[in-house]
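I opened my notebook to look up how the strands of this chain are arranged, and to keep a careful record of each thing as I found it.

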Amino acid sequence: MPYINTKTNTVITKEKEIEIKKKLGKAIELIPGKNENWLMVSFEDQCSMYFKGKSEDRMAFVEVKLFGSADSGAYNKLTAAITTILKEELDINPDHIYVKYEEVSSWGWNGSNF
């Protein structure tokens, strides 16, 4: 049950959104036991954001929430994949992307809690 939210100060067209969603669906498989069948993705574009005191550069903040946990090697691979996807699709340099991981021990779905 992973969730990936991408906030950026640039525009994400519907076409780019769909392409990024597809690529994130493949990338989540870098985390053992995770796949697109349980992945929820959201996008927030045109956010007011500053990095190093500037707002004119393209940037993104990506939150990845996981039910359970993963090791640092898997997180490193997923971070590399996420930054590559955002560079290819939105022309955001990897050094202007933060990726935050949150491991969740309790997750609700379909009227129940896991």
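**Entry 1, the sheet.** I looked up the strand order in this predicted model and found an open sheet of four strands, in the order β2-β1-β3-β4 and with mixed pairing. I took strands (E, at least two residues) and helices (H or I, at least four residues) as DSSP runs, numbered from the N terminus, and I counted two strands as paired if DSSP finds at least two bridges between them. Which strands stand at the edges? I noted β2 (40–44) and β4 (97–104), each of which has a single partner strand, so one side of each is left without a neighbour in the sheet. From one strand to the next, the twist averages 10°, where axes are lines fitted to C-alpha atoms, for helices over the stretch in contact, and angles run from 0 to 180 degrees between N-to-C directions.

**Entry 2, sources.** I wrote down that residues are numbered from 1 along each chain as its sequence is written, and that side-chain values use heavy atoms, with hydrogens and water left out. In this predicted model, local features need pLDDT of at least 70 and side-chain atom pairs count only at pLDDT 80 or more, while totals for chains, interfaces and linings use all residues.

**Entry 3, the partners of β1.** I found that β1 (residues 3–8) and β3 (residues 60–67) run antiparallel and are joined by six bridges; in β3, Ala-60 is the bridge partner of Thr-8, and Lys-65 is that of Tyr-3. With β2, strand β1 runs parallel, through five bridges; in β2, Val-41 is the partner of Ile-4, and Phe-43 is the partner of Thr-6.

**Entry 4, helix α2.** I saw that helix α2 (residues 72–90) lies across β1, β3 and β4, and runs at about 140° to β4; contact here means heavy atoms within 4.5 Å.

**Entry 5, Glu-56.** Is Glu-56 buried or exposed? I located Glu-56 in the loop between β2 and β3, and its 59% relative accessibility counts as exposed (buried is under 20% relative accessible area, exposed over 50%, partly exposed in between, with a 1.4 Å probe and protein chains only).
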